[in-house]
Amino acid sequence: QVQLVESGGGLVQAGGSLRLSCAASGRTFSRNAMGWFRQAPGKEREFVAAVSRSGTSTSYADSVKGRFTISRNNAKNTVYLQMNSLKPGDTAVYYCAAYIGSYSTSPTYWGQGTQVTVSS
């Protein structure tokens, strides 16, 4: 079992930045690839970014490439999502996810989500 707790969401103006954090406990953190997903009102949950177990490989949705950066600190059991140049379209609940194995599979564990609201 893996427990995930997100933090760092909030209200920000367009063009601003936020950093989300996800603290993991349970199964050895370094054994899990990690990812971020988001869900806007009335829309399906969508992939945002993922990072490999070692942190050396990452993947991003086209909509956030060049603006968001995912990273992890295995010593702190934490994964981060640095979000820059935020747009109103980035408004959503952001979820942290843990994969059993690589991020080419589907996530197994989910956090409870943190709200990000970007005002125009």
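In which loop is the place of S104? In this predicted model, S104 lies in the loop between β9 and β10, the latter spanning residues 109-110. The residue has a relative accessibility of 65% and therefore counts as exposed, the cut-off for that class being over 50%. Relative to S120, S104 is separated by 16 residues in sequence, and the C-alpha to C-alpha distance between the two is 34 Å.

The secondary structure of the protein consists of eleven strands and zero helices. Read from the N terminus, the order of elements is accordingly β-β-β-β-β-β-β-β-β-β-β. Two of these elements, β3 (residues 18-26) and β9 (residues 92-100), carry the cysteines of a disulfide.

The overall dimensions were examined next. The C-alpha trace spans about 40 × 25 × 25 Å along its principal axes. For 120 residues, a compact globule would have a radius of gyration near 14 Å; the value computed for the protein is 13 Å, in agreement with that expectation. Of the 120 residues, 44% count as buried. Among contacts with a sequence separation of 6 or more, 56% are accounted for by residues 24 or more positions apart.

The accessible surface of the protein amounts to about 5900 Å², and carbon and sulfur atoms contribute 47% of this area. With regard to charge, the protein has 12 positive and 5 negative charges, and the mean positions of the two sets lie 10 Å apart.

A search of the whole structure for disulfides returned one. The bond joins C22 to C96, with an S to S distance of 2.1 Å. This pair links distant parts of the chain, since C22 belongs to strand β3 and C96 to strand β9, 74 residues apart. The torsion about the S-S bond of C22 and C96 is about -80 degrees, so the disulfide is left-handed. Burial of the two partners was also evaluated, the cut-off for a buried residue being under 20% relative accessible area. C22 has a relative accessible area of 0% and is therefore buried. C96 likewise has a relative accessible area of 0%, so C96 is buried. The exposed S104, by contrast, has 65% relative accessibility and is placed in the loop that leads from β9 to β10.

How values were computed:
Residues are numbered from 1 along each chain as its sequence is written. This is a predicted model: local features need pLDDT of at least 70, side-chain atom pairs count only at pLDDT 80 or more; totals for chains, interfaces and linings use all residues. Side-chain values use heavy atoms; hydrogens and water are left out. Helices (H or I, at least four residues) and strands (E, at least two) are DSSP runs, numbered from the N terminus. The radius of gyration is taken over C-alpha atoms; the globule rule is 2.2 Å times the number of residues to the power 0.38. Buried means under 20% relative accessible area, exposed over 50%, partly exposed in between (1.4 Å probe, protein chains only). Contact means heavy atoms within 4.5 Å. Accessible areas come from the Shrake-Rupley method with a 1.4 Å probe; for residues, only the protein chains shown count as cover. Lys and Arg count as positive and Asp and Glu as negative; His and the chain ends are not counted. The place of a charge is taken as NZ of Lys, CZ of Arg, CG of Asp or CD of Glu. A disulfide is a pair of cysteine sulfur atoms within 2.5 Å.
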